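Thanks for sharing this one with me. Here are a few notes to read alongside the sequence and coordinates.

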Amino acid sequence: MRTATQIAADVRGGVRRAVDELADAYAAIAARNEELHVFLHLDEAGAATQAGAVDAAVARGDDPGPLAGVPVALKDNLCQRGVPTTASSKILEGWRPPYTATVVERLLGAGAVPVGKTNLDEFAMGSSTENSAFGPTRNPLDPARVPGGSSGGSAAAVAAGMTPVALGSDTGGSIRQPAALCGLVGVKPTYGLVSRYGLIAFASSLDQIGPLTTTVADAALVLEVISGHDPRDSTSLPEPAPTLVAHLGDGVAGLRVGVVSELVEGSDPEVVSAVERAASVLRDAGATLVNLSIPEIRLGLSAYYLIAPAEASSNLARYDGVRYGLRVDAPDVAAMNEATRTVGFGAEVKRRIMLGTYALSAGYYDEYYGQALKVRTRMIEAFALAYQQADLLIGATTPSVAFAFGTKTADPMAMYLNDVFTIPTNLSGDAAVSVPFGTGEADLPIGVQLLGPGRSEARLLAAARVLEIAEGRA
Amino acid sequence: MSALSREDVAKVARLARLSLSDEELDLFTGQLSRVLEHATDMDALDLADVVPTAHPFGLTNVVRGDDLTACLDRDEVLAAAPDVQDDRFGVPRIVGDAP
């Protein structure tokens with residue numbers, strides 16, 4: 001598959017038309033969507049209109065933008081006006097948002113062509129897409145295995161060559177983990193770098209939107225387009241989008257890279273050796289390796305599985321059958337609310353709503369939610385200390401390669417453990433990238449994770465580019 | 001930390017406006033207990049003097065300019081509602097009969 005960078009250059013240069021790029025994307029989707037269950041909705045009419053507008057701009061001599069004619073898949077928790085948006089939940093089935101997410105507006109403004117909405121774990125709660133109300137997505141590299149989650153449909157779209165770019169959201173690893181399991185580049189930007197306006201909220205202090213791509217350069221290109229201040233998101237950072245593409249060749253010479261023992265422990269041997277090999281590649285490229293221990297990382301899982309459910313229980317209170325989505329009729333309002341939510345939410349969403357409600361309830365607030373918020377403070381302090389000793393950190397994205405369907409669904413805790421290396425960055429609000437590096441069991445891809453302080457995306461992507469080149473992937 | 005009982009789960013479900021079957025109550029009590037048991041690892045830290053963090057960068061209130069801007073289209077918004085009465089969201093009865 002051609003990259004977004006190549007497609008945009010060809011379309012801007014008049015070498016290829018956006019409508020032809022779009023036809024190629026829909027042909028690739030038609031070839032495997034039934035088998036893999038990647039898209040919940042295809043917006044063929046809207047995409048054709050946008051591609052036609054891009055071609056018309058080129059014909060007029062206007063520049064349609066840095067993503068001209070690039071087909072993009074959108075995780076189905078991103079709102080696009082008039083296009084069905086479900087968050088993979090029965091409670092939103094058939095809903096058409098009356099507004100468009102800022103990231104989608106920016107993609108459209110840059111000439112990109114959104115082709116449709118991808119499957120996810122219901123309300124982005126999960127690590128395998130097995131929690132989708134509409135059935136799981138299969139991993140294009142091995143259809144007997146999960147693509148990861150919650151942005152599993154977005155990862156599968158790119159890994160199957162349907163679109164060169166997809167957007168996902170990452171609350172505890174939901175971009176990086178599926179990127180790792182599908183052999184892609186995935187970025188969890190600094191909290192506030194990308195506007196959350198129009199993202200269906202899961203845990204608002206943790207959620208960030210970011211790209212999944214086949215190359216580091218494409219990730220940089222897309223992130224430049226979607227980031228930057230947005231007055232419609234009160235948590236948006238004040239500055240404009242950072243310059244990333246121009247820094248891709250910066251390398252790592254002179255940087256201190258922290259090799260963090262807690263970011264590999266418990267992993268499969270192939271994953272451990274991939275991280276060691278990646279660290280040595282960075283050292284050979286001029287970085288200095290520093291061995292670090294950040295014990296607080298081990299407590300991330302506990303803090304996260306109280307904080308995220310607590311925020312979710314509040315955010316999901318809005319699904320009450322009154323203003324949009326599903327309503328199950330009952331004689332009075334309270335019974336209608338309860339019947340609607342009982343029918344509309346799946347088991348994992350109910351578990352997290354109850355966990356969060358419990359953690360916030362009178363008598364338990366201090367013991368659970370309050371403690372978790374203090375652990376979050378310690379996590380932020382621990383990472384700040386680590387970033388005095390190192391310019392970036394390296395570890396694994398996930399403890400193993402893609403796993404088979406059904407292996408972790410019976411025990412929620414086993415599924416949650418898949419996020420152990422990704423969660424700490426969401427709690428600290430910093431940035432992290434997963435980049436494919438090496439293979440493990442059954443020749444499946446391994447993701448190496450690079451972590452940096454807030455606003456370090458240019459540095460992280462330059463380091464990821466060094467690993468990509470060493471792997472012969474670019 | 002306290003152990004989670006079946007009654008706790010039933011109470012929380014009521015607070016969250018969810019009705020659970022007996023089987024679901026048993027299942028969720030076990031599953032949620034394991035998550036809360038895992039959370040006891042936080043007790044290893046001395047957190048007495050730590051300030052809690054609710055937001056990564058410390059939120060300050062953000063206000064917009066007091067300018068007229070377009071809002072969502074009323075008909076488009078109401079078109080998504082399960083029940084509409086006189087250009088408003090319709091709901092079943094809220095208040096019971098007078099005693």
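1. Let me begin with the sheet of chain A: in this predicted model, 11 strands form an open sheet with mixed pairing, in the order 1-3-2-4-6-5-10-11-9-7-8. At its edges sit strand 1 (39–42) and strand 8 (288–292) of chain A, each of which pairs on one side only. On average, neighbouring strands of this sheet are turned by 30° against each other, direction ignored.

2. Now to the edge formed by strand 8 of chain A. Its partner is strand 7 (residues 256–260) of chain A, and the two pair in the parallel sense over five bridges. If you would like a residue pair to look at, A:V259 has A:N291 in strand 8 of chain A as its bridge partner.

3. Two helices of chain A are worth following against the sheet. Helix 3 (residues 44–60) of chain A packs on the sheet, where it touches strand 1 and strand 3 (113–118) of chain A, and its direction makes about 160° with that of strand 3. Helix 5 (residues 152–159) of chain A lies across strand 1, strand 2 (71–75), strand 3, strand 4 (165–170) and strand 6 (208–213) of chain A; relative to strand 4, helix 5 runs at about 155°.

4. What does each chain bring to the contact? Chain A gives 54 residues and chain B gives 45 residues. On the side of chain B that touches chain A, the elements giving two or more residues are helix 1 (6–15), helix 2 (22–38) and helix 3 (74–79) of chain B. Helix 2 of chain B gives the most, with six residues.

5. A last word on composition: the side of chain B that touches chain A divides into 31 nonpolar, five polar and nine charged residues.

Notes
Residues numbered from 1 in each chain as written. Chains lettered and ligands numbered in written order. Predicted model: local features only at pLDDT ≥ 70, side-chain atom pairs only at ≥ 80, totals over all residues. Pairing = 2+ DSSP bridges. Helix = DSSP H or I, 4+ residues; strand = E, 2+ residues; numbered from the N terminus. Axes fitted to C-alpha atoms, helices over the stretch in contact; angles between N-to-C directions. Contact = placed C-beta atoms within 7 Å. Nonpolar A, V, L, I, M, F, W, Y, C, P; charged D, E, K, R; others polar.
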